[in-house]
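Thanks for making time this morning. I would like to walk through one model with you, starting with its overall make-up and ending with the parts where I would read with caution.

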Amino acid sequence: YSSYGEAFKDYAKLIGGNPRYAGVLAQAQDAKGFARGLQQAGYATDPAYADKLVRVINGATLRQSLAYAPASPALPQMVARR
């Protein structure tokens, strides 16, 4: 990918457009539920995947990075689809 934004858009397209993950988006009320749903849907084979993803989502590094990231007009739409 040429940017993080491009990678994120592709990831959102995969998760939002694949019937395999439809239940994940419908039932994810928070980061932990989303991560567990992905793992249960077969997104990753690592049995600790959901816990690792939750640590990244709730971690300071991601929070700090998002604070400095330029606003994306597509992001609210992607999040709203959850």
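Let me begin with a term: a residue counts as buried when its relative accessible area is under 20%, as exposed when that area is over 50%, and as partly exposed in between. On that basis, buried residues make up 23% of the 82 residues in this protein, and I should say at once that what we are looking at is a predicted model. The accessible surface comes to about 6,100 Å², and 57% of that area belongs to carbon and sulfur atoms.

As for the secondary structure, the protein has six helices and zero strands, so to speak of its order from the N terminus is simply to read α-α-α-α-α-α. Among contacts between residues at least 6 apart in sequence, 21% join residues at least 24 apart.

Turning to the interior, the largest nonpolar core has 14 residues, and those touching the most other members are I15, Y21, V24, F34 and L38. The elements that give two or more residues to this core are α2, spanning 22-27, α3, spanning 31-40, and α4, spanning 49-58, and the largest share, four residues, comes from α4. If we take I15 and leave aside its neighbours within four places in sequence, we find I15 in contact with Y21, L25, F34, L38 and Y43.

Two of those partners, Y21 and Y43, bring us to the aromatic residues. How many aromatic pairs does a search of the whole structure find? The search finds three. In one of them, the ring centres of Y11 and Y43 are 6.0 Å apart and the planes stand at 85°, so the pair is edge-to-face. This pair links distant parts of the chain, with Y11 in helix α1, residues 4-17, and Y43 in the loop between α3 and α4, 32 residues apart. Y11 counts as partly exposed because its relative accessibility is 25%, and Y43, with a relative accessible area of 30%, is partly exposed as well.

Another pair joins Y21 and Y43, whose ring centres lie 5.9 Å apart with the planes at 70°, so this pair, too, is edge-to-face. Here again distant parts of the chain are linked, since Y21 sits in the loop between α1 and α2 while Y43 sits in the loop between α3 and α4, 22 residues away. Is Y21 buried or exposed? At 6% relative accessibility, Y21 counts as buried. Taken together, ring pairs link Y11, Y21, Y43 and Y49 into a cluster.

At the start of the chain, S2 lies in the segment before α1, and because its relative accessibility is 66%, S2 counts as exposed. The side chain of S2 is joined to that of E6 by a polar contact of 2.5 Å.

Finally, a word on confidence. The mean pLDDT of the protein is 83, and 84% of its residues reach 70 or more. Among the elements, α4 has the highest mean pLDDT, 92, whereas helix α6, residues 75-80, has the lowest, 48. Over residues 76-82 pLDDT stays under 50, and for that stretch the model has four contacts beyond four places in sequence. Where pLDDT is low, the predicted coordinates should not be read in detail.

Terms used
Residues numbered from 1 in each chain as written. Predicted model: local features only at pLDDT ≥ 70, side-chain atom pairs only at ≥ 80, totals over all residues. Heavy atoms only, no water. Core = buried A, V, L, I, M, F, W, Y, C linked by side-chain atoms within 4.5 Å. Buried < 20%, exposed > 50% of the residue type's maximum accessible area, 1.4 Å probe, protein only. Contact = heavy atoms within 4.5 Å. Phe/Tyr/Trp six-rings, centres within 6.5 Å; stacked < 30°, edge-to-face > 60°. Polar contact = N/O pair within 3.5 Å; in protein donor to acceptor, adjacent residues only side chain to side chain. pLDDT = per-residue confidence, 0-100. Areas by Shrake-Rupley, 256 points an atom, 1.4 Å probe, with all protein chains shown as cover.
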